[in-house]
Amino acid sequence: MRFISKRNQVTLEAGEVVKRYKDLEGLRREAWALEYLSNLGLAVPPLLAVNEDSLRMEYIPGETYEALTETMTVEMAIALAQWLADYQRMTGLLRGDVNLRNFLWTGQACVGVDFEDPTIAGQGETDMGKILAYAVTYGPAFTVEKEQCANLLLAAFSKTGGEREKIREAYLKEIGEMNHRRSGQSVEVAVAALFFDGLK
Ligand SMILES: Nc1ncnc2c1ncn2[C@@H]1O[C@H](COP(=O)(O)OP(=O)(O)O)[C@@H](O)[C@H]1O
Ligand SMILES: [Mg+2]
C-alpha cells in the first residue's frame, strides 16, 4: 500500500512504514528528529531502522486530520493543539510543515509525522494559523462543517496560549501563500477573513 506523498515514496511493507527519500539530508534530519522527539516523550512513530535511502518506522493505525476536517470533535481538536504545544515547548521551534496529513488521529491521541524539513523558529501562532488555513480550505472549502472544525481548533489553540489576533494574521498570510502555490484554485482573502471573523 502506498500513502499520499508529494515528495517521497511512503509505503506500508510487512506492517511497517517505509519512507524513501529523494533528499538524503531530509532522511538524516527526520531520523534524528524521530529519535530526539520520542526520547522527549512526544507522540511520534517509533523509528525501527535507518537505511541508505530510507527509514522504517512503526505504522500508526488511524486517519490523517485531513480526512477529519468535516467531522472534527472537541477531543480531536484538543489532542492536535496539545501535540503542537508540546512540540513547541520541547523544541523551542515551530513545527513548520503543518499540512493536516502530517497529523494522525489514532482514535485516542494525535501523533505527528514528517520531520524532514529544516526547522525554523518563530511565534507559536504561526503554526496555528497555518493549520486553520489548511483545515478550512481542503475541498469542499468553507462549509458549515469546516466552520465547526475551525471553531474547535481555535478554542483548543486558545487553551494552549494562542492569541486570536496573531493566529488570524498567520492564517491570512498562509491563505495568500496557498494562492501562489495552488494555481487555478485560489481562495479570496476577503472571504477567508470574513470566515475567520465569524468564528466564535
Ligand atoms: N508511521 C506512520 N503511520 C501511519 N501512516 C503514516 C506514517 N508515516 C507516514 N504515514 C502516512 O504517509 C503520508 C506521507 O508521509 P510523510 O512522512 O508525511 O511524507 P511526505 O514528506 O512525503 O509528506 C502521511 O501523510 C501519512 O498519511
Ligand atoms: Mg507529509
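**Note on a predicted two-domain model with a ligand**

1. P140 sits in the loop that runs between α3 (124-137) and α4 (144-159). The peptide bond that joins G139 to P140 is cis, with omega at about -5 degrees. This is a predicted model, and the points below should be read with that in mind.

2. A second backbone feature concerns D114, which lies in the loop between β7 (110-112) and α3. D114 is not a glycine, yet its phi is positive, at about 80 degrees. As background to this point and the previous one, most residues other than glycine have a negative phi, and most peptide bonds are trans.

3. D114 also appears at the ligand. There are 21 residues around ligand 1, and those that come nearest are F3, S5, P45, R101 and D114. Two or more residues of this shell are given by each of the strands β2 (16-20) and β4 (54-58).

4. What is the make-up of the shell around ligand 1 by class? Ten of its residues are nonpolar, seven are charged and four are polar. The shell takes at least three residues from domain 1 (9-58) and at least three from domain 2 (63-197).

5. Those two domains come from the domain assignment of the protein chain, which places residues 9-58 in domain 1 and residues 63-197 in domain 2. Between the C-alpha centres of domain 1 and domain 2 the distance is 23 Å. Where the domains touch, eleven residues of domain 1 are in contact with twelve residues of domain 2. On the domain 1 side of this contact, eight residues are nonpolar, one is polar and two are charged.

6. The last point is a helix pair. Helix α5 covers residues 164-181 and helix α6 covers residues 189-197; they pack at an angle of about 155 degrees, and their axes are 10 Å apart. Are α5 and α6 roughly parallel or roughly antiparallel? Angles over 145 degrees count as roughly antiparallel, so α5 and α6 are roughly antiparallel to each other. Their crossing is right-handed.

7. Which residues bring α5 and α6 together? From α5 come R168, Y171, L172, I175 and G176, and these meet V189, A192, A193 and F196 of α6. By class, this contact of α5 with α6 has seven nonpolar residues, one polar residue and one charged residue.

Technical notes: Residues numbered from 1 in each chain as written. Chains lettered and ligands numbered in written order. Predicted model: local features only at pLDDT ≥ 70, side-chain atom pairs only at ≥ 80, totals over all residues. Near = placed C-beta within 6 Å. Helix = DSSP H or I, 4+ residues; strand = E, 2+ residues; numbered from the N terminus. Nonpolar A, V, L, I, M, F, W, Y, C, P; charged D, E, K, R; others polar. Domains from an automatic or database assignment. Axes fitted to C-alpha atoms, helices over the stretch in contact; angles between N-to-C directions. Parallel < 35°, antiparallel > 145°, perpendicular 65-115°, else oblique. Left-handed = near helix turned anticlockwise from the far one by under 90°. Contact = placed C-beta atoms within 7 Å.
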